[in-house]
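Colleague: I'm new to reading structures and keep getting lost in them. Could you pick one salt bridge, take a close look at it with me, and then walk outwards from there?

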There are 2 protein chains.
Amino acid sequence: MESESANPILVDVFRGSRVESCHRGAIAVSDAQGRLVLALGDVARPIYPRSAVKALQAIPLVETGAADAFDLTAGELAVACGSHSGERVHLDAVESLLTKTGLGERDLACGAHWPLSEATTRTLLRGGRRPRPIHNNCSGKHAGMLAVAVHLGLDPHGYEKPDHPLQIMIGRILSETCGVTLDPASMGIDGCSLPTFALPLSALAQGFARFGTGTRLTPERGRATQALMRACFAAPVLVAGDGRFDTIALRGLGPSAFTKGGAEGVHCAALPELGLGLALKIDDGAKRGAERALSEVLATLLPKARSVLASELRGELRNWQGLLVGRMAAGEALQDALGALANATRAGAAPR
Amino acid sequence: MESESANPILVDVFRGSRVESCHRGAIAVSDAQGRLVLALGDVARPIYPRSAVKALQAIPLVETGAADAFDLTAGELAVACGSHSGERVHLDAVESLLTKTGLGERDLACGAHWPLSEATTRTLLRGGRRPRPIHNNCSGKHAGMLAVAVHLGLDPHGYEKPDHPLQIMIGRILSETCGVTLDPASMGIDGCSLPTFALPLSALAQGFARFGTGTRLTPERGRATQALMRACFAAPVLVAGDGRFDTIALRGLGPSAFTKGGAEGVHCAALPELGLGLALKIDDGAKRGAERALSEVLATLLPKARSVLASELRGELRNWQGLLVGRMAAGEALQDALGALANATRAGAAPR
């Protein structure tokens with residue numbers, strides 16, 4: 001981090017009565033006009049959103065008419081927005097999506113990794129098999145991008161390269177939706193070989209407010225984002241997988257909240273009914289910190305989240321014998337910020 | 001963390017040209033008298049050392065005469081100091097150790113988890129089997145403790161409880177070796193159900209200086225720590241496993257350095273020839289941060305470490321397609337501290 005001052009502690013990890021570890025980070029909650037109702041830590045420094053913006057990267061899939069042309073199902077749209085676990089249901093959706101475009105697994109540029117689902121990994125291992133590109137958690141996003149390329153008559157080969165017209169289009173959409181200019185110097189390459197552009201958390205939060213509400217988007221784009229969200233609410237297991245955070249949140253909180261996590265401790269959310277968007281990044285990249293911090297903010301803004309995310313909010317840490325050895329808890333700075341956020345939104349300061 | 005000021009950034013994680021994530025933490029390097037030659041960050045705050053002190057917890061195995069009485073091999077002593085990967089070689093050593101004491105796997109209180117070794121996990125899965133307590137990375141430590149209990153005529157049942165005479169003895173040895181009083185209120189329960197006592201990094205570093213040199217230990221204890229280190233240098237694969245940091249470091253740097261990592265970003269080391277001990281903790285618990293920071297300190301103190309830990313020091317991050325997408329690097333504060341440490345030790349300030 002270039003800045004002199006450290007971001008505040010968002011999450012403490014206790015063992016016994018002592019803090020054993022902690023996670024610092026920053027959180028922005030914004031409306032579609034860029035008014036921040038929460039800005040904790042450095043929300044101006046650009047961060048790589050990674051897979052947290054997959055739903056934004058999927059906008060052209062609907063906006064260009066590709067989804068209609070290929071008659072995509074809710075599950076196929078949802079898997080294009082998702083970081084899936086590689087379960088059978090995910091592979092079926094990605095295969096179907098690819099087949100509809102006339103392409104196949106060989107066209108995916110995402111590379112292969114063992115499925116996030118332990119059960120699927122075990123099944124592969126029992127059969128003496130290795131993971132394929134379709135098992136990559138990003139294969140749905142890649143299949144969705146290929147569908148756009150085919151629909152627009154672009155050469156699908158090299159669709160993942162930063163200078164391919166498809167990635168240039170996606171970069172423009174990201175820039176317009178988040179209301180910032182993307183600096184080519186702030187481009188990194190993601191785990192699945194696609195470009196990932198660093199953006200301030202404040203811009204990401206604004207972008208998710210627009211994504212959720214359609215405010216400040218063209219009518220066509222607003223319809224596209226609504227269609228993508230509806231698909232994810234209709235098929236939440238396609239966005240992540242059995243037992244995973246985003247699937248639990250989408251299932252329990254949709255249509256009040258759309259959440260999507262990314263690597264290195266990034267998590268974003270749209271809260272359409274409140275007119276808000278949220279983006280957070282844990283400095284050290286820990287998923288446990290991101291999911292815990294997000295749960296706290298959601299529980300402050302949406303009463304239902306207290307029960308939907310109850311297990312996350314209890315934060316119990318158990319050892320190999322099942323003994324309760326510790327717990328995760330909101331850090332003091334986050335607790336204070338949540339108090340202020342609760343007051344602000346109760347007072348009607350949260351725009352709709 | 002209770003303290004107001006944040007620990008410095010020890011390790012930066014770059015993606016492209018930008019820092020994506022970072023790891024803060026603290027490092028202490030001390031001689032056996034407690035003189036600190038490096039104190040970066042808060043080295044006075046107690047931290048849970050977790051598995052990093054397994055070799056200290058194994059002292060009574062030699063000191064009480066149990067190792068001689070049961071005619072333990074170097075491999076059996078090494079696995080008692082280790083966090084093993086559950087490979088065949090580890091299971092053989094733990095089984096042999098248990099058999100020599102007349103006990104068995106049913107007596108292990110560590111619980112079961114999938115082996116750290118992917119290859120062993122795959123073998124289990126192919127056979128439709130589940131992990132057993134012997135696959136737990138701590139099973140060697142537990143078997144070693146059981147050997148002490150049997151040798152001393154203590155009831156092995158409940159050997160893992162904080163009030164069992166064995167754990168009271170180990171707590172005393174830890175306290176004497178590190179030169180601090182253990183506060184019962186600072187006790188946590190480890191992943192394997194044993195007590196873990198929070199200690200300042202400065203005390204841990206001093207303890208490892210004494211462990212490595214025998215200075216300020218009784219002659220019997222000094223002989224015990226030498227025997228344990230010799231065993232680990234003779235059988236480095238038993239301390240961790242194929243391809244893991246501590247096995248690479250022990251194999252390449254022994255007898256100049258003994259290293260041992262623990263959960264939640266703790267790593268300790270003894271540098272017997274320099275008369276120094278080292279202890280570090282990454283605030284957020286990340287192993288990648290701990291191993292990178294330790295590599296930097298070792299490379300500063302031991303020229304040979306530059307080649308032995310070359311891959312760690314390059315810190316290349318590659319994605320699923322094998323593309324180089326980023327790198328890990330020492331943070332500015334660590335770089336500055338290493339410069340000062342190099343000057344101090346070159347100037348002969350490091351005591352022998």
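**A salt bridge, up close**

Modeller: Sure, let's start with the pair itself: the side chains of B:R288 and A:E264 come together in a salt bridge, with N and O 2.8 Å apart. This pair crosses between chains: B:R288 belongs to helix 13 (residues 287-301) of chain B, while A:E264 belongs to the loop between strand 8 (258-262) and strand 9 (266-271) of chain A. Keep in mind that we're looking at a predicted model here.

How buried or exposed are the two partners? B:R288 is partly exposed, at 26% relative accessible area. A:E264 has a relative accessibility of 16%, and it counts as buried because the cut-off is under 20%.

Now, what about salt bridges that share partners? A:R88, A:D92, A:E95, A:E105 and A:R132 are linked that way into one network. Across all chains, a search of the whole structure turns up 38 salt bridges.

Since our pair joins two chains, let's see how those chains are related. Turn chain A by 180°, with a shift of 0.0 Å along the axis, and you can lay it on chain B with an RMSD of 0.0 Å. That is how a two-fold axis relates things. If you want to find the axis in chain A, look for A:R126: its C-alpha is the nearest to the axis, at 2.1 Å. The copies meet through the same surface, because 96% of the interface residues of chain A are also interface residues in chain B.

For a contrast with the pair that crosses over, here are two salt bridges with both partners in chain A. In one of them, A:R172 and A:E176 pair up, and their closest N and O atoms are 3.5 Å apart. Where do these two sit? They are four residues apart in helix 8 (residues 165-178) of chain A, so about one helical turn separates them. A:R172 is partly exposed at 44% relative accessibility, and A:E176 is partly exposed too, at 36%.

The other one joins the side chains of A:D31 and A:R35, with 2.7 Å from N to O. A:D31 is buried, with just 1% relative accessibility.

Salt bridges aren't the end of the story, so let's hop over to B:H84. You'll find B:H84 in the loop between helix 4 (74-80) and helix 5 (88-101) of chain B. B:H84 is buried, at 0% relative accessibility. What does its side chain reach? One partner is the backbone nitrogen of B:G86, at 2.9 Å. Another is the side chain of B:S139, which makes a polar contact of 2.8 Å with the side chain of B:H84.

One last stop, back in chain A: A:F197, which is part of strand 6 (residues 195-197). A:F197 is buried, with 15% relative accessible area. Which residues touch it, once you set aside neighbours within four places in sequence? A:F197 is in contact with A:I47, A:Y48, A:P49, A:L182, A:D183, A:S186 and A:M187. As for A:L38, that residue is 159 residues from A:F197 in sequence and 23 Å from it in space, C-alpha to C-alpha.

So if you go back to where we began, click on B:R288 and A:E264 and follow the 2.8 Å salt bridge between their side chains.

Conventions:
Residues numbered from 1 in each chain as written. Chains lettered and ligands numbered in written order. Predicted model: local features only at pLDDT ≥ 70, side-chain atom pairs only at ≥ 80, totals over all residues. Heavy atoms only, no water. Least-squares fit on C-alpha atoms with pLDDT ≥ 70 in both. Contact = heavy atoms within 4.5 Å. Salt bridge = Lys/Arg side-chain N within 4 Å of Asp/Glu carboxyl O. Buried < 20%, exposed > 50% of the residue type's maximum accessible area, 1.4 Å probe, protein only. Helix = DSSP H or I, 4+ residues; strand = E, 2+ residues; numbered from the N terminus. Polar contact = N/O pair within 3.5 Å; in protein donor to acceptor, adjacent residues only side chain to side chain.
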